[in-house]
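The following explanation is intended for a reader who meets this structure for the first time. Please keep the sequence and the three-dimensional view at hand while reading.

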Amino acid sequence: MSTRQKFIIALEKNLLTVAIAILIFLMYAPLIIYWYQGWLNKSISVEHEYFSHGIIGLPFAGYIAWTNRQKWQNLANVFHPLGAVLLGIAGVWYISAIPDLINLSLIIMLVGICLWFKGMPGLKLMGMPLLFILLASPNNIPYLIEPYALPLQKFIAGIAGFILIQLQMNVTIDQIYLYVGGKIVEVAPHCVGLKMLFTSLYFSLMLLYWNGAIGSRIQTTFLLVSAVLLSVSANILRNTVLTIFHGTGQDEAFHWLHDGWGGDMYSACILLLLIIIMKWVDNYLTSSLDFPNESDI
């Protein structure tokens, strides 16, 4: 049997699956393209830009789903009624005029399809790629979190001010404001590092899955805590440097680090440090503690 004949037979057996895949592609390709254009060009809303980790997260989710394709095919075809409900909800959300509902309809649609075709076993198999898609779907959760960021704003302003004082700079700290050289710098809600925090935690989950450590409570906890501490520390340093640039009149350098490619380089360095920490965890932490992996218990 030729390769062409095998392809035709496989296509006929999976005609419904192929048709659904084409339909989803036609429905959501423009939306995903819009996400990527907004993330790459920073033209999307501020809250939705917090999900720019989807640039690498969505292809990673697709890769996981592709590697699980044989396991998916081996699962029995089991219909779960919740799948039909979720598909209906996804359809209603998709045609709504509310951006967040349109964005979240993708993950609802995919969960519904898993339950429709393979029931709970299929949902469990595709749990991780679905989680990565969910965490990369733009929504207004950051907008809801920001009002509670005031204590973190004050903390960052206080530490940044303390560092500047040690550098013999004339600085005044007032709540979330820093006065340097007659100029004021505000540690605004968007400047507390929530975007980098989300990205660091998301990237840490990717590293844990890639290294097969997602089932280890020790490795998972250590890396996620490290991501939080690293993100907060790096953001304090970034705000300190931004205050120096603004207070000393170095406007070009300020914009380079604040909203230019310098900020992207800063983010890339944090992610690189997370890779190094993950490598250290693999090589030293687990072996030194010699605890069993929870997935092996």
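The paragraphs below go from the chain as a whole to some of its individual residues.

The model shown here is predicted. Its chain has 297 residues, and 39% of them are buried. The secondary structure consists of 14 helices and 3 strands. Measured out along the principal axes, a box of roughly 80 × 55 × 35 Å holds the C-alpha atoms of the chain.

Contacts and surface complete this overview. When contacts between residues at least 6 apart in sequence are considered, 70% of them join residues that are at least 24 apart. The chain exposes an accessible surface of about 16,700 Å², and carbon and sulfur atoms account for 69% of that area. The chain carries 14 positive and 15 negative charges, and a distance of 15 Å separates the mean positions of these two groups.

Attention may now turn to individual residues, beginning with a serine in helix H7. Ser105 belongs to this helix, which covers residues 99-125. Is Ser105 buried or exposed? Ser105 counts as buried because its relative accessibility is 0%, below the limit of 20% that applies to buried residues. Its side chain takes part in a polar contact of 2.9 Å with the side chain of Tyr28. The side chain of Ser105 also reaches a backbone atom, the oxygen of Ile102, at 2.6 Å. Once residues up to four places away in sequence are set aside, Ser105 touches Tyr28, Ala90, Trp93 and Tyr94. Tyr28 thus appears both in this list of contacts and as the partner in the side-chain polar contact.

A second serine lies in helix H11. This helix comprises residues 194-210, and Ser200 is placed within it. With a relative accessibility of 0%, Ser200 is therefore classed as buried. The side chain of Ser200 reaches the backbone oxygen of Met196 at 2.7 Å. Which residues does Ser200 contact, leaving aside its neighbours within four places in sequence? They are Ala227, Ser231, Ile270 and Leu274.

Two glutamines in loops call for a remark on backbone geometry. In general, most residues other than glycine have a negative phi. Gln168, by contrast, has a positive phi, near 65°. Gln168 is situated in the loop that runs between helix H10 (150-166) and strand S1 (171-174). Because its relative accessibility is 71%, Gln168 counts as exposed, the limit for that class being over 50%. Gln175 likewise is not a glycine and has a positive phi, of about 60°. The location of Gln175 is the loop between S1 and strand S2 (177-180). At 46% relative accessibility, Gln175 is partly exposed, since that class lies between the limits of 20% and 50%.

The cysteines remain to be considered. A disulfide is a covalent bond between the sulfur atoms of two cysteines. How many disulfides does the structure hold? The number is 0. As for accessibility, Cys114 counts as buried because its relative accessibility is 7%. Cys269 has a relative accessible area of 42% and is therefore partly exposed.

Note on methods
Residues are numbered from 1 along each chain as its sequence is written. Side-chain values use heavy atoms; hydrogens and water are left out. A disulfide is a pair of cysteine sulfur atoms within 2.5 Å. Buried means under 20% relative accessible area, exposed over 50%, partly exposed in between (1.4 Å probe, protein chains only). Helices (H or I, at least four residues) and strands (E, at least two) are DSSP runs, numbered from the N terminus. Contact means heavy atoms within 4.5 Å. Accessible areas come from the Shrake-Rupley method with a 1.4 Å probe; for residues, only the protein chains shown count as cover. Lys and Arg count as positive and Asp and Glu as negative; His and the chain ends are not counted. The place of a charge is taken as NZ of Lys, CZ of Arg, CG of Asp or CD of Glu. A polar contact is a pair of N or O atoms within 3.5 Å; within protein, one must be able to donate a hydrogen and the other to accept it, and residues adjacent in sequence count only if both atoms are side-chain atoms.
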